[in-house]
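Hi everyone, thanks for coming. I'd like to walk you through a structure that may be new to you, so let me put it up on the screen.

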Amino acid sequence: TVTASVLNIANIARVIAKGGQSNESGSVTNLQTAHSLFGSDAHRMHTLGGAPWNVLTDPTDPTDTSGGSYAVHECNILGVAIGHRLGLCNFALSGTRLQSWLKTAGTGYYQALALGVTDVGGCDWLTMGPCESDAVNGYSTAAYHADMVSFVASWLADFPGTRIIWRTLQHIDTALALQADQDKINAAILAGAGSTHGQATGDVSGVYLSEVRSVPAFPGNQLHWVTDQQ
């Protein structure tokens, strides 16, 4: 007996989840357009504070009505590359630090992300942003790495089999974060994920490196990707 039905999500084949801060949530200035595959609108998204499974569109951050996100562009490119329609669970929040994403942090960020992923039946990939605020606050390599270990252990215990993709910290304005402090965060990420793009060769099992430090220089924005090229 059919007791309930859900419309317009039947063609979702893969789900991407995102935590971290503003580059993930979409608090930038360049809106992206979602392109459907094969005439379908099955690219969908589930966001913090939003109704589950809206049609994928920018902004992906429901608290920011002006900003765009690379997440939409990523869904376009990746969907074509693998031939699957994608769902996006974007629960990233601007200004957050990695320690605030720990399950034991008391902020509720981890729990909101986990609930969102649970709502849609799990995720294939979780992309964690490096949390630029950790560089701005001069967080040490050892402290960041310990937080990384804690977060990953909790997530894989709750969602075994997820591939966690951890991107490096792109170069940001050294007036906001000294280069040495940026290097500390990247050193922790490379230790955890390894130094080979797209592989999990570091000392934190299940974490895959996404090396993004070669993105084009920011055009007058100290922290964010803004342009289509970026």
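I'll go through the confidence, then the sheet, and then the way some of the helices pack.

Okay, one thing to keep in mind: this is a predicted model. So how confident is the prediction? The chain has a mean pLDDT of 86, and 90% of its residues come in at 70 or more. If you go element by element, α5 has the highest mean pLDDT, at 98, and β3 has the lowest, at 82.

Now, the sheet. It's an open one with seven strands, and if you read across it you get β3-β2-β4-β1-β5-β6-β7. The pairing is mixed. Which strands sit at the edges? Those are β3, residues 54-55, and β7, residues 207-210, and each of them pairs on one side only.

Let's zoom in on one pair. Strand β2, residues 44-47, runs parallel to its partner β4, residues 85-90, and the two are joined over four bridges. If you want a spot to look for, find Thr47, which stands opposite Asn90 in β4.

There's also a helix packed on this sheet: α6, residues 179-193. Helix α6 touches β6, that's 163-167, and also β7. Its direction makes about 130° with that of β7.

And α6 has a helix partner too, which is α5. Their axes are 8 Å apart, and the packing angle is about 40°. That angle is why we call α5 and α6 oblique to each other. The crossing is right-handed. From α5, the residues involved are Thr141, Tyr144, His145 and Met148; on the α6 side they include Ile185, Ala188 and Ile189. What kinds of residues make up this contact? By class, eight are nonpolar, three polar and one charged.

Last stop: α5 again, residues 141-158, this time with α3, residues 109-119. Here the angle is about 25° and the axes are 12 Å apart, so α3 and α5 count as roughly parallel. This crossing is right-handed as well. On α3, look for Tyr110, Leu113, Ala114 and Val117; on α5, it's Phe151, Ser154, Trp155 and Asp158. In this contact, six residues are nonpolar, one is polar and one is charged.

So if you take one thing away, make it α5: this helix packs with α3 and with α6, and its mean pLDDT is the highest among the elements of the chain. That's my tour, thanks!

Key
Residues are numbered from 1 along each chain as its sequence is written. This is a predicted model: local features need pLDDT of at least 70, side-chain atom pairs count only at pLDDT 80 or more; totals for chains, interfaces and linings use all residues. Side-chain values use heavy atoms; hydrogens and water are left out. Axes are lines fitted to C-alpha atoms, for helices over the stretch in contact, and angles run from 0 to 180 degrees between N-to-C directions. Angles under 35 degrees count as roughly parallel, over 145 as roughly antiparallel, 65 to 115 as roughly perpendicular and the rest as oblique. A crossing is left-handed if the near helix is turned anticlockwise from the far one by less than a right angle, and right-handed if clockwise. Contact means heavy atoms within 4.5 Å. Ala, Val, Leu, Ile, Met, Phe, Trp, Tyr, Cys and Pro count as nonpolar, Asp, Glu, Lys and Arg as charged, and the others, Gly among them, as polar. Two strands pair if DSSP finds at least two bridges between them. pLDDT is the predictor's confidence in each residue, from 0 to 100.
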